[in-house]
Amino acid sequence: MLARTCLALAVLLALPAMAEEAKKSPTPKELLAKSVPTEWRTPDPQNLVYMDLPQGRVIIELAQDWSPLHAANIRTMIREHYFDGTQIIRVQDNFVTQWGDPDGDDKKKAKSLGMAKETLAPEFTRKGGTAYPFTKLPDGDVYAPEVGFSDGFPIARDGKGEAWITHCYGTVGVARDTGAESGNGSSLYAIIGQAPRNLDRNLAVAGKVIKGMEILSAYPRGGEPMGFYDKPEQRVTIKSVRVAADVPDAERTPIQVLRTDSKTFAAVIDAKRNRRDDFYTRPAGKIDLCNISVPVRDPSKK
């Protein structure tokens with residue numbers, strides 16, 4: 001009896017220390033500060049797109065391994081200056097910001113696609129088993145049997161060899177008409193609201209915004225149905241769009257992305273699943289795929 005009493009007393013005495021230790025669990029910011037250089041990757045400049053707007057630069061990483069036909073078509077249009085002078089044509093609240101040729105639906109007025117292709121195979125999903133890096137999340141998902149990350153992109157898998165990039169915040173998709181092959185990359189959109197995962201496997205994903213979402217998400221919402229601007233003067237004209245590989249070194253934006261197969265990324269996920277600080281009194285113990293943002297940094301300021 002005395003032994004049990006002593007054990008219970010020891011547990012009670014240890015509880016404050018345990019609670020204090022929980023509060024001292026590292027934050028994502030602290031974990032990133034302790035990361036090592038090999039845990040960060042520098043995106044291939046052939047897959048980086050600089051979209052320069054009056055409000056600043058938006059950087060998009062193309063999903064070369066997931067939608068190679070669309071990535072190639074977009075690079076062709078960029079190098080032929082198709083996007084220069086096109087506009088932000090649509091901003092729908094809690095949904096998307098879309099850009100392209102405002103006259104794109106009028107064949108008589110639409111800009112020429114030049115050497116780019118007018119139609120492409122859909123590339124809504126990728127097949128090939130597990131022949132790519134994949135960091136699986138432990139909490140499951142409503143829309144797919146498995147979700148996780150691959151080379152920085154949020155990925156869903158059906159467990160039968162088919163996978164796709166999900167429509168999370170910052171995902172850049174290819175606008176299209178009714179036909180599955182009608183999307184060619186001449187008009188693109190970025191998700192600026194709650195993740196519309198119902199779009200998964202119904203539109204090709206061209207890439208992901210890795211810098212500049214604060215610009216795309218802050219534009220005034222359009223007044224027309226689906227957020228299209230009803231007055232031409234409301235549109236924002238794109239100054240230029242360039243592939244980073246074609247930009248002089250002095251004009252490039254230094255950027256690195258945390259490897260999603262790194263120990264630090266796994267620790268960051270766990271820290272976000274189990275927030276323990278002065279504000280959170282009860283850790284959720286779970287996290288949704290689209291509630292995880294992959295950290296980026298300026299290597300010159302690390």
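One disulfide is present in this structure, which is a predicted model. The bond joins Cys168 to Cys290, with the two sulfur atoms 1.9 Å apart. Looking along the link, you will find -70° about the S-S bond, which makes the connection of Cys168 and Cys290 left-handed. The two cysteines come from distant parts of the chain, 122 residues apart. Cys168 belongs to the loop between β10 (162–165) and β11 (171–174), while Cys290 lies in the loop between α5 (263–273) and β17 (296–297).

How accessible are these cysteines? Cys168 has 4% relative accessibility, so it counts as buried. Cys290 has 16% and therefore counts as buried too, because the cut-off for that label is under 20%.

Now to the charged surface. Asp103, Asp105, Asp106 and Asp177 together form a negative surface patch. One of them, Asp106, sits in the loop between β5 (96–100) and β6 (126–127). Its relative accessibility is 31%, so Asp106 counts as partly exposed.

Here are the three accessibility values side by side:

| Residue | Relative accessibility | Class |
|---|---|---|
| Cys168 | 4% | buried |
| Cys290 | 16% | buried |
| Asp106 | 31% | partly exposed |

Finally, a view of the whole chain. The protein chain contains five helices and 17 strands. Its C-alpha atoms fill a box of roughly 90 × 45 × 40 Å, taken along the principal axes. The protein chain has 302 residues, of which 46% count as buried.

Terms used. Residues are numbered from 1 along each chain as its sequence is written. This is a predicted model: local features need pLDDT of at least 70, side-chain atom pairs count only at pLDDT 80 or more; totals for chains, interfaces and linings use all residues. Side-chain values use heavy atoms; hydrogens and water are left out. A disulfide is a pair of cysteine sulfur atoms within 2.5 Å. Helices (H or I, at least four residues) and strands (E, at least two) are DSSP runs, numbered from the N terminus. Buried means under 20% relative accessible area, exposed over 50%, partly exposed in between (1.4 Å probe, protein chains only). Patches are made of residues with over 30% relative accessible area and no salt bridge: like charges are joined within 9 Å, nonpolar side chains (Val, Leu, Ile, Met, Phe, Trp, Tyr) within 5 Å. Accessible areas come from the Shrake-Rupley method with a 1.4 Å probe; for residues, only the protein chains shown count as cover. A salt bridge is a side-chain nitrogen of Lys or Arg within 4 Å of a carboxyl oxygen of Asp or Glu. Lys and Arg count as positive and Asp and Glu as negative; His and the chain ends are not counted. The place of a charge is taken as NZ of Lys, CZ of Arg, CG of Asp or CD of Glu.
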